[in-house]
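Okay, thanks for coming, everyone. Let me put the structure up and then walk you through the spots I'd like us to look at together.

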Amino acid sequence: MMMDQLPQRAASEGPDCFVAPSDGAVREVLVVPEGEAAFDVLPESARAFVRDAGFAAKPGQIALVPGAQGVASALLTVAGGEIRDALRFAPLATGLPKGDWRVTRAGQHAQAVVDGWDDDLILGFAMGAYRIRRDAAPAVRLVAPVTNGVGHALAAACWLGRDLINRPANLLGPVELADIAVSVLADAGAHAESIGGDALATEYPCLAHVAAGSDRPGRVIRASWRGSRAPDTAPHIALVGKGVCFDTGGYDIKPSSGMLRMKKDMGGAALMLALASAIIAQDLPVRLTIRIGCVENSISGHAMRPSDVVRTRSGQTVEIGNTDAEGRLVLCDLLDEVSSLAPDRIIDAATLTGAARVALGPDLPALFSNDALFAQAILGAAEHSSDDMWRLPLWHGYSSWLASNVADCGNVSAKPMAGAITAALFLEKFVKPQIPWAHVDTYAWNDSSRAGRPEGGETLGLRALYGAVLQTIKAWESSAT
């Protein structure tokens with residue numbers, strides 16, 4: 001199959017793994033808490049069979065219950081408790097025989113599955129059912145208990161983000177990413193435009209300096225949206241994403257092994273677009289400002305060089321100490337612009353540093369914030385949704401490491417330490433200090449497949465950030481009463 005024929009979903013398509021209730025053949029999955037009590041819901045004739053098949057009623061295990069015509073039903077055991085974890089339902093998408101299934105709770109401890117069960121079920125099943133290529137219909141489909149809840153919104157957002165990250169770089173350059181973003185946002189009811197050409201260089205000079213190295217021109221997406229229930233006093237939230245569609249490292253070129261996954265360097269843009277789409281789909285009472293910087297970091301006679309000095313949108317000058325630290329150069333102009341709009345919150349996301357991965361590994365995005373309450377809201381939502389992050393410090397003792405003799409600052413430190421912190425400190429220079437700001441340094445990728453986490457692009461932090469937006473709304477509503 002030629003690469004340009006790779007089967008892909010349209011950006012507006014949602015998960016195709018759900019089916020409406022019907023009179024057709026639908027088998028039942030019983031969701032039960034872990035432990036010996038799980039066996040109580042089985043017919044006595046089936047208990048010995050499922051034990052012999054290795055079912056031990058541990059979290060995530062599926063037991064297939066035999067019947068006269070093959071598999072008659074199934075059991076899934078989940079952990080109880082107050083922490084929400086949509087991924088505990090992900091094994092259903094890959095562990096059941098082909099067909100349509102309906103899920104119900106069972107057993108005397110069924111309430112161990114917390115409130116929000118339907119939404120978690122839908123989201124977790126969709127995360128497990130995701131496929132990069134759509135050559136055929138999904139093998140397992142779920143009869144959806146609800147059709148327009150937050151579970152569906154987050155599932156569609158997750159698939160959108162994963163699709164964008166997984167798309168090969170030759171099929172998703174800066175223009176293509178910008179076009180998709182405009183289409184997704186406009187179709188959802190936002191006002192969205194793509195900025196390029198002379199306007200890009202004038203309004204976003206530092207970002208344009210990065211984009212200049214590629215034959216594929218850069219773009220900035222400017223978008224805004226307001227919920228139908230959002231008055232003028234509703235929270236104003238700015239979302240900013242790094243969309244480097246491929247990163248060679250520039251003249252500070254990456255080794256070949258370091259470039260293998262660089263199509264994912266637009267993972268921050270994918271995450272912010274996914275978050276925006278979920279917020280809009282649920283018509284949350286907020287005002288959104290969205291900025292996505294779409295570039296490619298390439299090598300050419302027009303590419304930026306180490307030692308270049310660039311003027312940013314803010315007027316501050318930056319000395320380029322390393323051309324592979326281009327993401328912060330993309331974000332700084334966008335952060336300065338949204339800061340001038342005085343939003344109530346700013347969230348940016350980027351696949352920014354290898355240092356964050358050394359510190360926290362691939363599964364934990366690093367969170368930086370200039371506001372303790374905002375950081376705690378995000379971390380609390382992360383814990384509640386089992387979409388974990390870890391806060392690292394904006395340690396101003398390292399600010400001097402970004403000093404330059406020829407510019408207001410450098411884009412990197414010469415010291416081989418604390419790279420994620422110095423990157424965040426650089427970004428902080430372009431955010432007005434009175435605006436609560438959160439920076440998410442994410443990996444945006446699953447190195448191997450696990451239940452609900454197929455190998456490839458990932459929207460790490462999506463549920464946590466959505467939950468933090470809900471908390472911001474709740475705080476505003478409380479203050480208004």
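**Pockets, cores and one aspartate**

So, the second largest pocket is where I'll start: 18 residues line it, and R84, H384, S385, G467 and L470 are the ones nearest its centre. Just so we're clear, this is a predicted model. The volume of that second largest pocket comes out at about 390 Å³. Who supplies the lining? Helix 3 (117-129), helix 4 (150-166), helix 12 (372-385) and helix 14 (462-480) each put in at least two residues. Helix 14 has the largest share, with five residues. If you sort that lining by class, you get seven nonpolar, six polar and five charged residues.

Okay, on to the largest pocket. There we have about 600 Å³ of space. It has 34 lining residues, and D324, L352, T353, G354 and A355 sit closest to the centre. The lining of this largest pocket breaks down into 13 charged, eleven polar and ten nonpolar residues. As for the elements, strand 9, helix 8 (256-259), helix 11 (354-360) and helix 13 (419-428) each contribute at least two residues to it.

Strand 9 brings me to the aspartate in my title. D247 belongs to that strand, which covers residues 236-247. Is D247 buried or exposed? Its relative accessible area is 2%, and the cut-off for buried is under 20%, so D247 counts as buried. What does its side chain reach? One partner is the backbone nitrogen of G249, at 2.8 Å. The D247 side chain also has a polar contact with the side chain of N297, at 2.8 Å. Beyond its sequence neighbours up to four places away, D247 touches K254, M259, M262, D265, N297, D324 and E326. And you've met D324 already, among the residues closest to the centre of the largest pocket.

Last stop, the nonpolar cores. The largest one has 93 residues, and L185 and L288 have the most contacts inside it. Helix 9, residues 267-281, gives the most to this core, namely eleven residues. Take L288: setting aside neighbours within four places in sequence, its contacts are A223, S224, W225, I237, L239, A276, I279 and I280. Then there's a second core, separate from that one, with 46 residues, including L334, I346, F368 and F426.

That's my tour. Which bit should we go back to on the screen?

Note on methods. Residues are numbered from 1 along each chain as its sequence is written. This is a predicted model: local features need pLDDT of at least 70, side-chain atom pairs count only at pLDDT 80 or more; totals for chains, interfaces and linings use all residues. Side-chain values use heavy atoms; hydrogens and water are left out. Helices (H or I, at least four residues) and strands (E, at least two) are DSSP runs, numbered from the N terminus. Buried means under 20% relative accessible area, exposed over 50%, partly exposed in between (1.4 Å probe, protein chains only). A polar contact is a pair of N or O atoms within 3.5 Å; within protein, one must be able to donate a hydrogen and the other to accept it, and residues adjacent in sequence count only if both atoms are side-chain atoms. Contact means heavy atoms within 4.5 Å. On a 1 Å grid over the protein atoms alone, a cavity is a set of points where a 1.4 Å probe fits but cannot get out, and a pocket is an open set with protein on both sides within 12 Å along at least five of seven lines; lining residues have an atom within 4 Å of a point. Grid points are joined across faces, edges and corners, and a volume is the space filled by probe spheres set on the points. Ala, Val, Leu, Ile, Met, Phe, Trp, Tyr, Cys and Pro count as nonpolar, Asp, Glu, Lys and Arg as charged, and the others, Gly among them, as polar. A nonpolar core is a set of buried Ala, Val, Leu, Ile, Met, Phe, Trp, Tyr and Cys residues joined through side-chain atoms within 4.5 Å.
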